[in-house]
Amino acid sequence: MSNMSYPTKENTKFMNVQGGEKKVMKKILSVALSTAMAFSMFASVAFGETATTPQAKFDALAAKGILNGYPDGQAHLEKDLTRAEFAKIVTKLFDLTEVTGKLSYNDKGYTATNWAVPYIEAVTAANLMQGKDTVKGIFDYNGKVTVEEVAAVLFRALKLETPATTDNSASAWAKGYAQAVINAGLVAQGTNFKANATRSLVVEAAYAVDNLTTAPAVVSAEALSPTSVLVTFADKTTTTVALTTALVEGVEQTISFTNNGHNYTAKVTLAAPKVVSVTVPNAKQVVVTFNRAIDTSTLASNDKLKAGVIKVIALNNQAAITTDGAEVSVNAAGTEATVTFPELQFLKGQYTVVVTDSVKTTAGTAIASYSTLLTAADTAAPTVASVTAAAKATTNKVYVKFSEPVKPAGIIASVNGVSATVTRETYDTFSLTAGTLNAGSSYEVSLLNVTDFAGNQANPNPIKATVAVTADTAAPTITSVTPVGDTSITVKFNKKVSYESLIGNVRLLSAYGDAQGTLSVVTDKDSDTIKFNVPAGFKLPDSGTFNGNLVFGATVRDTLGNTLGTPVTQSITIVKDATAPTVASATFSTDKGLVVTFSEDVEYVGGALTLIKDSTGQVFSTNFSGQTVDGAKVTFPNVKGLDGGYTLRLPAGFVVDKALAKNKLAATTVAVTATAATTTDTERPDVTSITYAEPTGTNTEIVFTVTATDDKGLSIASLRDINSYTLGSKALPSSAYTQVISSEGTATSPTKAVVEVRVPKTAISKTEPVEFIAFGVADTAGNVTVAKNIKPVLKDGVRPTLESAAVSTGDTSLLQLVFSEPVDVTTLKASDFTIIVNNSSTAATISGGFIAGVGNDAGKYYVRLAGYSDLNANNVNSISVKINVGATIKDVAGNLIVDDKTVNAK
C-alpha cells in the first residue's frame, strides 16, 4: 500500500436532500464556507504567546479580523471537520496554489461553482489528499475527516520521517503517520486516531505546524563587537551573526542574514564600549560585565589585576579592600571579569566600585570609566559545584569545587570514611589527599564545616557527595602560547601539568632552527598555566620582531604521569616591548607608609622624589629610604605624618620595566591619596591546650576546656560559636553550648581566653575514642587557628529503654524483652517490672529469673511467668510490660534505664 492510501469505501453514504433541496444545500454550503474561512489564514499568522488553548488561538485570529465563527458568533471547536474544510486549511497552511478549471472527482455537486473545488484540486495536485473511493472517483467532500487522515496529510506535507517503532491507536495503515506527528508534537499521544477530527484538534495541529514553518520575528539585535551581532527572536531563541563588514560605532545600520532557512534583516547600532554592570555574587568577589570583549592584557597580568584598573573604596568605616594584584578571571567571551579579593578580605556593607578607562576592547578602544555604589550582604551558604577525580590507574587526589570561595581553615574531609588532607588550590577549589583510589570506582566524600567568607555555613553539615574516578591516559595538549612583553611567555595546557617536568625541557628556536636557549620556569606549582622567562642572553633582531618555535620535550607530563610521548613544537612571535611604565596611583596609610603603584612590574633605579603639600605649596620633608619593590609596587615605609592632600613628583628613570629594553619611567607627578589603615596582623591565634572531663555526680555534660592565645586579640564570637568545634567528625549537637570562664587583656578581644565547650553526655551512644577538634577559633583580624584536637575515650551516655515485648516464637512459654541496647543482666530484677496479663489488677510473677539471649538472640532477654505455660493459649488475650519508676536496670556503661515506660506484648 502506498503512502497515498486510504481505506476504500465502495458504498459511501451521502445526505439525500429531498424537497427544498436548493434551500438546504445553500445553508449547508454557507456553514461550510464560514467554517473554511475560519481556518483559512493559519500560515500567515504569528500566534501570540498567550494563545495556549484552542479557543484562545481562535480568538487571537478573530481579533485581527482574519477568521469568523459560525453564524451564531461561536467558534464551535467541538464540532467535527469535513474533508472539504480540511482541504482548504491545508491549502492555506502550506501556501498551495488554488487550482481552477479542473474537476477530478465525480461527487454530486462537485462543479466549478462549488467553493471547495479549488482547494480540493490543490491538495490533490500536491499529492497530499485523494478521493475516498478511487474506483468511482469520489472525494467525499462533505464526509468527516478522521484524525489518522489528518496525520497522513501532515506527514506528507512536512516530509516527516517514519519512526522505527509505534505506540498509538491508529489503524495499521496509519500507525507510522500517527507516530510521526506525535513525535513532532503536532498531536497528543493518547488521541483516538480512528475518531473524527474535531475543529479543536485541527486548530491545535495547525498552530503547531505554523510554529514549525513560520519564521519567528526579530525582537532585538545587539552588537557584541564591530563584527558580531546577537539576534533574539520572538520564540526566545538567539543566534550570533558574524559580519564581513565592520559596524561603525554610533551609526544605525541594517544587516542581512539567514537563520534556519529564513532570510532576515535587522537594524543595529554599535554602542560605545562600556561597563554594563558590577555585581556582588558573594562576599569575596565582584563581577564586572562589559558590552564588548576586552583585551585581558589591559586588565590583568598573569591572572592578577593590574594596579589602579579597578578600585573598591570602602564606605562607612568598613575594612579596606585590596584590588591591585587580586586574582581575576575572564570568561571565554571576554565580556565578564571576576575579581577575587586576597587572603581573608571580604565585602560587608557599602562600597564604591570604580572601573577606570585603562581597560580596552580587543579592537583597542578604551572602555568608558564607570563607578557605582554597591551594598554587600551575603546570606547564601556555599554548595558543592563539582567533585572530580582522574587517574591513569590509581590516584589519591579528589578535587572539590564550591559555588563560591570558602574559608580554607577548618574543613574536615574524608573519602570512604578515611580522613583526607585538605589543600586549597584556588579560593573555591580544594584538593583532598586520601588513600588509594582506583580508576572506574566510586567513593563517598564527606566535607564538614564548609563556610564562606561571610560566615555562612554549608547545610547540611557535613556535605555528602559521590565521586567517580575517571580513567585518563591521554597526553596533555598545549592550548595556547602567549608572549608577555618580550621577556616572558605563558603556556596554557588542557589540564594540570607537572611544572618540574618542564624545567630544562622547553627550548626556544629561531625560524631557521637555531637554538636560542632553554626557557626558565617561573611557575613553582603544578598548574594548567605555566609562566616561563625567555632564555638568558636572548636578544631581539633589529626589526624588533622574533619569529620562532618552542619545542617541548617528550617527557613533559601531566600530574597523572601521562607524557607528551614525542617532542611538540609551537610557533611563537615575540615583539619588542617599547611601552614605558606609568604611575597608576600613589597612596599613603599610617601602617604601610607611601605606596606607589605602576602599570606593570618594575625594577627600582632611584632618584630624588619630591613631596609637595597642596595646602601650602611647600616641599614636605620626609624619609624616602628603605624602599621595597613587590611586582608593580614600590613602598616607602618610612614616610610618616602625612595629613591632607599632597603631590608626588617622580624623576625620569626612577624605575624601569622588565622588558629587554628596560623602558624608563617618564618624569611624572601624581596626587597622593590617603587610605584607611589595614591590619598588619597575619599571625594565626594558637590553641594551646584542650582538656576534657566526664560527667560526675548529677552532672550530665562532657566538658571540653579550650585555651587559646593571640598577641593582638582573640575573637570572642569565634570562641563561643559551637560551629568552631567538631566531635567525632560531626557538628556539635544543637544542645551544646560554650562559656568563657577566664580571659586576659580586654574583655572584647582578650589575648588569652579559656572556654568551656559543654556537650550533653547523651550525644555519646557508644564507649569509644572520639575526636574533638577546635578549628574555627579566630583573632580579631580574621586569622583562624591551625586545627588542634584531643581524642579521649568517651563513655556511652545514652540511657537504655525498653523497646518491645513479645511472646517468643521458639518457646511460647517465654516472654521476650528487647531493649534499645544491651543491658547488664545482673541489674535485671523482677521488682523493676510490672507485667499484666488480661488486664488483671494483679501483676504476673516472674519465675526463674532472666535469661540472656546468645548468638542471633544477643541483646534479647527472656522470662517465664508463673502460671502461664503457653503465652499463646486462647486464654491469654493481652500482655503489658512496664518499667517501674525508680528501676535500677543499667546498660553496660552504667546508664540507668528510662523508667515509667509501658509496652504491649500482645
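**Exercise 1. Helix H3 and its surroundings**

Which residues in H3 are buried? Work from the burial of this helix to the turn after it.

*Solution.* The model is predicted, so local features need pLDDT of at least 70 and side-chain atom pairs count only at pLDDT 80 or more, while totals for chains, interfaces and linings use all residues. Residues are numbered from 1 along each chain as its sequence is written, and side-chain values use heavy atoms, with hydrogens and water left out.

Step 1. Fix the terms: buried means under 20% relative accessible area, exposed means over 50%, and partly exposed lies in between, with a 1.4 Å probe and protein chains only. Helices (H or I, at least four residues) and strands (E, at least two) are DSSP runs, numbered from the N terminus.

Step 2. The buried residues in H3 are Arg83, Ala84, Glu85, Phe86, Ala87, Lys88, Ile89, Val90, Thr91 and Leu93. Because 10 of the 11 residues of H3 are buried, this helix is largely enclosed by the rest of the structure.

Step 3. Just after H3 comes aspartate 95, which takes a positive phi of about 55°.

**Exercise 2. The largest nonpolar core**

Identify the residues that touch the most other members of the largest nonpolar core, and the elements that contribute to this core.

*Solution.* Step 1. A nonpolar core is a set of buried Ala, Val, Leu, Ile, Met, Phe, Trp, Tyr and Cys residues joined through side-chain atoms within 4.5 Å. The largest one has 47 residues, of which Phe86, Ile120, Leu154 and Phe193 touch the most other members.

Step 2. Two or more residues of this core come from each of helix H3 (83-93), helix H4 (117-125), helix H5 (147-158), helix H6 (175-183) and helix H7 (199-213). H5 gives the largest share, 8 residues.

Step 3. Apart from this core lies another, of 27 residues, including Ala805, Ile835, Ala844 and Ile889.

Step 4. With contact taken as heavy atoms within 4.5 Å, and neighbours within four places in sequence left aside, the contacts of phenylalanine 193 include Val147, Ala151, Ala178, Val181 and Ile182.

**Exercise 3. Helices H4 and H6**

How many residues of H4 are buried, and what covers the buried residues of H6?

*Solution.* Step 1. In H4, 7 of its 9 residues are buried, which leaves this helix mostly covered; they are Val117, Pro118, Tyr119, Ile120, Glu121, Ala122 and Val123. The cover over these residues of H4 includes H3.

Step 2. H6 is largely enclosed by the rest of the structure, because 7 of its 9 residues are buried. H5 is among what covers the buried residues of H6.

Step 3. Positive phi values follow both helices: asparagine 127, after H4, has a phi near 60°, and glycine 185, just after H6, has one of about 80°.

**Exercise 4. The loop between E20 and E21**

Locate the cis peptide bonds and the positive phi in this loop.

*Solution.* Step 1. Most residues other than glycine have a negative phi, and most peptide bonds are trans.

Step 2. A cis peptide bond with omega of about 10° joins asparagine 459 and proline 460, and proline 460 lies in the loop between strand E20 (442-448) and strand E21 (463-471). The bond from asparagine 461 to proline 462 is also cis, with omega near 10°, and proline 462 lies in the loop between E20 and E21.

Step 3. Asparagine 449, although not a glycine, has a positive phi of about 65°. This asparagine is buried, with a relative accessible area of 2%.

Step 4. Asparagine 449 is also among the residues touched by threonine 726, when residues up to four places away in sequence are not counted. Threonine 726 is placed in strand E41 (residues 725-727) and counts as buried at 0% relative accessibility.

**Exercise 5. The overall form**

Why is the protein described as more spread out than a compact globule?

*Solution.* Step 1. The protein has 8 helices and 55 strands. Its radius of gyration is 42 Å, well over the 29 Å that the globule rule gives for 906 residues, so the protein is more spread out than a compact globule. The radius is taken over C-alpha atoms, and the rule is 2.2 Å times the number of residues to the power 0.38.

Step 2. Along its principal axes, the C-alpha trace spans about 115 × 115 × 60 Å, and 43% of the 906 residues count as buried.
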